[in-house]
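Please open the model in your viewer and keep the sequence panel beside it, since each stop on this tour begins with something to select. The tour goes from a covalent link to a sheet, and then to a helix and the core.

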Amino acid sequence: PTPSAPPPASGGTVGTAEENEVLRLTNAERAKGGCQPLKHDAQLRAAAFGHSDDMAKQGYFDHTSKDGRSFMDRIRAAGFSGGNAFAENIAFGQPSPASVVEGWMNSAGHRANIMNCRYNLIGVGVAKNSQGRIYWTQDFAAK
């Protein structure tokens, strides 16, 4: 069963305030490299939140779910169709949106995903485990 995502922020936007701060900081980094801002996509956000929530509840940290699903499996299961390029960034333990984006920018592979100008859509999912440790997921797509 897919966990239910918390309700989106008011005003018809996608994601929580914390998730949207990750998006804002990610787009600020992209702007430095001449990339267009990413748009928060509801289906990608559902896939990202589902993965963060699953990792938090089941106590693992991996791009492959415990049930063997890849990030592409999760994106398609969330109803996202089309697209021609995809990537996923995950992290855990960082206490804030600023610290997780800084960590990703200091890691070559994660930075490459953030700075890939082909991507125009993103889903950001943030979930806490019972000890309050935060799991972060970014799912990127080009559509």
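A disulfide is here taken to be a pair of cysteine sulfur atoms within 2.5 Å. The model is a predicted one, and by this rule the count comes to 1 disulfide.

**Stop 1: the disulfide**

Select cysteine 35 and cysteine 117, which form a disulfide with their sulfur atoms 2.0 Å apart. This pair links distant parts of the chain, with cysteine 35 in the loop between α1 and β1, cysteine 117 in the loop between α5 and β3, and the two positions 82 residues apart. If you set up the dihedral about the S-S bond, you should read -85°, which makes the link of cysteine 35 and cysteine 117 left-handed. Now colour the two partners by accessibility: cysteine 35 counts as buried because its relative accessibility is 6%, whereas cysteine 117, at 43% relative accessibility, counts as partly exposed.

**Stop 2: the sheet**

Next, show the strands as a cartoon and hide the rest. The 4 strands form an open sheet in the order β1-β3-β4-β2, and the pairing is mixed. The edge strands are β1 and β2, each of which pairs on one side only.

Begin at the β1 edge, with residues 39-40 selected. β1 and β3 pair in the parallel sense over 2 bridges, and the bridge partner of histidine 40 in β3 is isoleucine 122. β3 itself is largely enclosed by the rest of the structure, because 7 of its 8 residues are buried.

Move on to β3 and β4, which pair in the antiparallel sense over 8 bridges. To follow the register, select valine 126, which stands opposite tryptophan 136 in β4, then alanine 127, which stands opposite tyrosine 135, and then lysine 128, which stands opposite isoleucine 134. β3 and β4 form a hairpin with 5 residues between them, and glycine 132 in the turn has a positive phi of about 85°.

Which residues of β4 point one way, and which the other? Show the side chains of residues 134-142: Ile134, Trp136, Gln138, Phe140 and Ala142 point one way from β4, while Tyr135, Thr137, Asp139 and Ala141 point the other way. Residues on both sides of β4 are buried, and the count for the strand is 9 of its 9 residues.

At the other edge, 8 bridges join β2 to β4, and these two strands run antiparallel. Select alanine 85, whose bridge partner in β4 is alanine 142. From alanine 85, draw a distance to serine 96: the two are 11 residues apart in sequence and 28 Å apart in space, C-alpha to C-alpha. Serine 96 lies in the loop between β2 and α4, and with a relative accessible area of 24% it is partly exposed.

**Stop 3: helix α1**

Bring back residues 17-32, the 16 residues of helix α1, which reaches 23 Å from its first C-alpha to its last, close to the 22 Å expected at 1.5 Å a residue. Turn the view until the helix is in front of the sheet; α1 lies across β1, β3 and β4, running at about 135° to β3. Glycine 34 follows α1 and has a positive phi, near 80°.

Which residues of α1 are buried? They are Glu19, Val22, Leu23, Leu25, Thr26, Asn27 and Arg30, and they pack against β1, α2, α4, α5, β3 and β4.

**Stop 4: the core around valine 22**

Keep valine 22 selected and show its surroundings. Leaving aside residues up to four places away in sequence, valine 22 touches Pro97, Val100, Val101, Trp104, Val124, Trp136 and Gln138.

Finally, widen the view to the largest nonpolar core, which has 20 residues, of which Val22, Val100, Trp104, Tyr119, Trp136 and Phe140 touch the most other members. The elements that give two or more residues to this core are α1, β2, α4, β3 and β4. Leave Trp136 highlighted as you finish, for this residue is among the contacts of valine 22 and stands opposite valine 126 in the sheet.

Terms used:
Residues are numbered from 1 along each chain as its sequence is written. This is a predicted model: local features need pLDDT of at least 70, side-chain atom pairs count only at pLDDT 80 or more; totals for chains, interfaces and linings use all residues. Side-chain values use heavy atoms; hydrogens and water are left out. The expected span of a helix is 1.5 Å times one less than its number of residues. Buried means under 20% relative accessible area, exposed over 50%, partly exposed in between (1.4 Å probe, protein chains only). Contact means heavy atoms within 4.5 Å. A nonpolar core is a set of buried Ala, Val, Leu, Ile, Met, Phe, Trp, Tyr and Cys residues joined through side-chain atoms within 4.5 Å. Two strands pair if DSSP finds at least two bridges between them. Axes are lines fitted to C-alpha atoms, for helices over the stretch in contact, and angles run from 0 to 180 degrees between N-to-C directions.
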